[in-house]
Amino acid sequence: MCMDYMDLNRASPKDNFSLPHIDVLVDNTAQHTFFSFMDGFSGYNQIMMLPEDQEKTTFITLWGTFCYKVMPFRLKNAEATYQRAIVALFHDMMHKEIEVYVDDMIAKSKTIEQHIEDLRKLFIRLRKYKLRLNPAKCTFGVKTSKLLGFVANENGIKVDPDKVRAIREMPAPKTEAEVRGFLGRVNFISRFISQLTATCSPIFKLLRKKQKKEWDTKCQEAFDKIKRYLENPPILVPAAPGRSLILYLTVLEESMGCMLGQQDTTRKKEQAIYYLSKKITKCEERYLALERTCCALVWAAKRLRPYMMAHTTWLVAKNDPVKYIFEKPALTGRIARWQMALSEYDILYVNQTAIKGSALADQLAYHPLPNAQPWSHEFPDEHLMVAAAGKARPDDEWTMWFDGASNIVGNGIGVVLISPSDQCFPFAAKLGFDCTNNMVEYEACTMGLLMALEYQVKRLKVFGDSALVIYQLCGEWETRDAKLIPYHDHVREIMTAFNTITFCHVPHEENQTVDALTTLSAMVQEMIIQVRQQPQTAYCQCLTRGTAEPNTKPWYFDIKRYLEKGEYPDKASENSKRTLRRVRMYGSSPTKPQSSLPLSKLCTPIESDSP
């Protein structure tokens, strides 16, 4: 009898007891020689219901009203409750002699003698707690096991041959349902396929909403490539304790992928553990190259958490995302989240040349780069800082840069308008009300557009470092914040006054001028900025400022006049007068008094030669 417990499940609190991870369960079963598979008989019905909860399972039939005394099927927490009970009964044997997934139990051993002893121990425990098995679904003493769609044996983990055969015998899909069916089957064994997303990219594009549903030559090439790959799929191995893992991270234009491996006991050969791949979203496409690598590392760490939490991981990538995340002085929201996500892992970045093995060669061979060229150690045009493609700029197009600052001192906005003749018009304002960072950015954008209308601008190109404001005004992102909806509608109304207006997002580093203007406006109440031309250095101006008439008197003129006439210089201080008296009293030696110094020492060469 099948009951519908939808209302009861909706009213019941969720049991958060987690089920075993399928990948970890398969890894723990592999590399054993003998296996026995057992299935619990009416597993859920072997757990008794509390008397006060029995009436909640009441159901009505033609023969009367009944309720369950044991836990029935189709309850929301049935699996978690049964798994908790099994873990409590076999906690000392799990991950050692047996593995349990709800009502399925697997006994594993490396020798036949040990296997018999493990089975005897398991049966004694089953008899003690009065648990029953289904003999029709039990298999004992086999050397190869099919477990949850995979084949585990002493060599490692393989793909189920039946699933491979089903994919290889599939004809080319003709409908969207057949495309989804093919991708679903391939995705189930994605752990064994390197760079799956990059390979099947033409097929994935067929599922887009506004994409033409046409099976072209690129789709057929990807379809055939997956079939050829499955002719000889790799054999994966579980992670061995006590040895570090190696994570190869690859970031391409439209996808990101990784391969988790580990060296064998000889430390000379690498063995693959897991393959992962993922399509890069539109938001992630706007990241910098290094930030995209950081995003790929965080994503891989979340997917491979059961492996990376128990091992030290050597990261092999094109650049070092760990250093970028943990040594960045100013943390933005995205970088701060990545730092928190990676702080619990032991990740060590190593160079590609430091890792020697077959896994890297396999990883690159499965996804070769088109138009590969030999590596050159010489970099031409090293004096160039930026190379950009030049585009013809319309004669009547203006440029606007805007930015906003919100800090403990206050809120300020800044705008710089640039005319077609490259004449700059800076504007800044201090906001006298409290607002969020996004509100400040909208205020800055609004002020800039109004200033542009005052200059009768009809064609405008707007630059800003706020991705939220830019992409909301472009229409790519939705505006859901109640505080920003009025700003968004107001700016969209102002935009109608322009003939042409475009919005472009730029990194914060390229918006430094407006950022400095904004920060300054947030700190002061009122300011006037004056810019002047200064053709000479500061010390040259200082030297030439009061010397329109050159002074021809020598440096010893005052000393000579005092020695000859006894006259002090004009406006001489008491210290200067005291020094002149000492010069007259003493000669070159401070202990030998002289009436006067030789005048020849205080004469110019012309004066000393004259009679």
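Of the 38 residues that form the largest nonpolar core, those touching the most other members are Phe182, Ile193, Ile203, Ile226 and Leu230. At least two residues of this core come from each of β1 (34-39), β8 (150-153), β9 (156-159), α6 (161-168), α7 (176-188), α10 (217-229), β10 (245-251) and β12 (270-279), and α10 gives the most, with five residues. The model is a predicted one, and its protein chain of 611 residues has 40% of them buried.

**Overall architecture**

- The secondary structure of the protein chain comprises 24 helices and 19 strands.
- When contacts between residues at least 6 apart in sequence are considered, 67% of them join residues at least 24 apart.
- The protein chain has an accessible surface of about 37900 Å², and carbon and sulfur atoms account for 54% of that area.

**The nonpolar core and the contacts of Leu230**

- In soluble globular proteins, nonpolar side chains tend to be buried together.
- Leu230, which is among the core residues that touch the most other members, is in contact with Val164, Ile167, Arg168, Ile189 and Ile193 once its neighbours within four places in sequence are left aside.
- Ile193 therefore appears both among the core residues with the most contacts to other members and among the contacts of Leu230, where a bound of 4.5 Å between heavy atoms defines contact.

**A nonpolar patch at the surface**

- Leu62, Trp63 and Phe66 make a nonpolar surface patch of about 460 Å².
- Within this patch, Trp63 is located in the loop between β2 (59-61) and β3 (64-66), and Trp63 counts as exposed because its relative accessibility is 71%, where the cut-off for exposed is over 50%.

**Salt bridges**

- The structure holds 19 salt bridges, including the pairs described below and a network that links Asp23, Asp27 and Arg191.
- Asp7 and Arg10 form a salt bridge in which the closest N and O atoms are 3.0 Å apart; because these two residues are three apart in helix α1 (residues 6-11), about one helical turn separates them, and both Asp7 and Arg10 are exposed.
- Glu344 pairs with Arg305 in a salt bridge whose closest N and O atoms are 2.6 Å apart, and this pair links distant parts of the chain, with Glu344 in the loop between α15 (333-342) and β14 (347-350) and Arg305 in helix α13 (residues 305-308), 39 residues apart.
- Both partners of that bridge count as partly exposed, Glu344 at 40% relative accessibility and Arg305 at 36%.
- Arg459 forms a salt bridge with Asp396, with 3.2 Å between the closest N and O atoms; Arg459 lies in strand β18 (residues 459-464) and Asp396 in the loop between α16 (358-366) and β15 (397-406), so the pair ties together parts of the chain that are 63 residues apart in sequence.
- Arg459 is partly exposed at 27% relative accessibility, and Asp396 is likewise partly exposed, at 43%.

**Cysteines**

- The count of disulfides comes to zero, with a cut-off of 2.5 Å between cysteine sulfur atoms.
- For Cys504, the closest cysteine sulfur is that of Cys474, and the 7.4 Å between the two sulfurs is too far for a bond.
- Cys504 counts as partly exposed because its relative accessibility is 24%, whereas Cys435 is buried, with a relative accessible area of 13%.

Key. Residues numbered from 1 in each chain as written. Predicted model: local features only at pLDDT ≥ 70, side-chain atom pairs only at ≥ 80, totals over all residues. Heavy atoms only, no water. Patch = residues over 30% accessible without salt bridge, like charges linked within 9 Å, V, L, I, M, F, W, Y side chains within 5 Å. Areas by Shrake-Rupley, 256 points an atom, 1.4 Å probe, with all protein chains shown as cover. Salt bridge = Lys/Arg side-chain N within 4 Å of Asp/Glu carboxyl O. Helix = DSSP H or I, 4+ residues; strand = E, 2+ residues; numbered from the N terminus. Buried < 20%, exposed > 50% of the residue type's maximum accessible area, 1.4 Å probe, protein only. Core = buried A, V, L, I, M, F, W, Y, C linked by side-chain atoms within 4.5 Å.
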